[in-house]
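Me: Could we walk through how some helices and strands pack in this one? Let me put it up first.

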Amino acid sequence: MMGHSSYRLVLACIVLAVVFLPLSPLTTSSSGFKLGSQVTYTIVGRFLLVNNNNVTVNDYIYISLPQNTSFQQSYVVKIEPRPIRLLQDEDGNVFAVAAVTARPNERVWVNVTYRVIVTPYEIDRAQSRGVWPQGELVRQYTRSTMYWDIYNATLVKIAYDTAYRDAPLEVVDRLASWVVGRVRYTVNLGRSGSNHALVYTGRGYAIQGDCVEVSDVFITMARSLGIPARAAYGFLLTSYKEHMWLNMSTVEEEGEAILSHWGGHMWPQVYIDPYGWIDVDMLDGMSPNVGRFSARHVVFGFEETKYYGSSLTSSCIPSYMTLSYIEYWFDGELS
């Protein structure tokens, strides 16, 4: 397990003041979605691990994989060293486990290649205004958690005053519009949680932090109104071809400069019948984007019931060694 600060280093977010690439032309699907042209990515990554211990270690390495979803097909082309098994966490995220042996001060590279096909979409509101979900799904995904405090009286009041309506899509629209208009963006290497991300200024309430704080506040407010909500995490690209890197030893002193070379990202999802889970990425173009998803997103996992701060929400995490450097190349082709 790694601490919350290290966890956030791997999830530093990029804010897009404009949408760099427009959504592809959409065609109507009978499932209630307008689908765009797929983008097929070859993703090559490498991670540098260092044994800072004064003894030889036999270490287990946990490698985060791009996930399979309704709008993303993911394939592992190669992982070196070869994984000994694939595991699944409590939220359904699949990750690989590899074993390495390293002498004192030895450096070990982990290399991965993935193939990921992303389908952009927009919900077809003409087919349905949305229906409130029922049963266990609501109970499970509207609970309070460590960073989503649905009993915070201020957040609950704002949510009800701002967004309480009969139709769930209208609720989500109003919440997203309120949140995106109050973002005071700053890179946060810790994690504030919704209680501390919401701050009062001379001009009213604001959300201070990066994509994680924005997600935490939105998810908390949605859950307080009975909308099942969770967080998706991964990458938000500025183009279909991109090179990203992160030096773990310099990231704190870089501050917001990391946004020029790193696009780790987190955004909310809500569950509304008959659509199921739909995305709400308010920082993609600084717009509500309810049920609108670009092919520049690559999903590596979901946070639903708890926060791990571990390999399950990071690129490559050792048990005893130190992750020193992360690098990704994204090479996407429009279908």
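Me: In what order do the strands of the open sheet of 3 strands lie?
Reply: Happy to help, and do keep in mind that this is a predicted model. The sheet is open and its pairing is mixed. Its edge strands, each pairing on one side only, are β10 (183-185) and β11 (198-201). That leaves the order β10-β12-β11.

Me: In which sense do β10 and β12 pair, parallel or antiparallel?
Reply: Strand β12 covers residues 204-209, and 3 bridges join it to β10. One place to look is Val183, which stands opposite Ile207 in β12. The sense of this pairing is parallel.

Me: What angle does the direction of α6 make with that of β12?
Reply: Good one to check on screen! α4 packs on the sheet and touches β10, β11 and β12, with its direction at about 80 degrees to that of β12. Helix α6 (residues 211-224) also touches β10, β11 and β12 as it packs on the sheet. For α6 the angle with the direction of β12 is about 130 degrees.

Me: How do the residues of the contact of α3 with α4 divide into nonpolar, polar and charged?
Reply: The axes of α3 (residues 153-163) and α4 (residues 168-180) come within 9 Å, crossing at roughly 115 degrees, and the crossing is right-handed. From α3, Ile158, Ala159, Thr162 and Ala163 meet Val171, Arg174, Leu175 and Trp178 of α4. Sorted by kind, these come to 6 nonpolar, 1 polar and 1 charged.

Technical notes. Residues are numbered from 1 along each chain as its sequence is written. This is a predicted model: local features need pLDDT of at least 70, side-chain atom pairs count only at pLDDT 80 or more; totals for chains, interfaces and linings use all residues. Side-chain values use heavy atoms; hydrogens and water are left out. Axes are lines fitted to C-alpha atoms, for helices over the stretch in contact, and angles run from 0 to 180 degrees between N-to-C directions. Helices (H or I, at least four residues) and strands (E, at least two) are DSSP runs, numbered from the N terminus. A crossing is left-handed if the near helix is turned anticlockwise from the far one by less than a right angle, and right-handed if clockwise. Contact means heavy atoms within 4.5 Å. Ala, Val, Leu, Ile, Met, Phe, Trp, Tyr, Cys and Pro count as nonpolar, Asp, Glu, Lys and Arg as charged, and the others, Gly among them, as polar. Two strands pair if DSSP finds at least two bridges between them.
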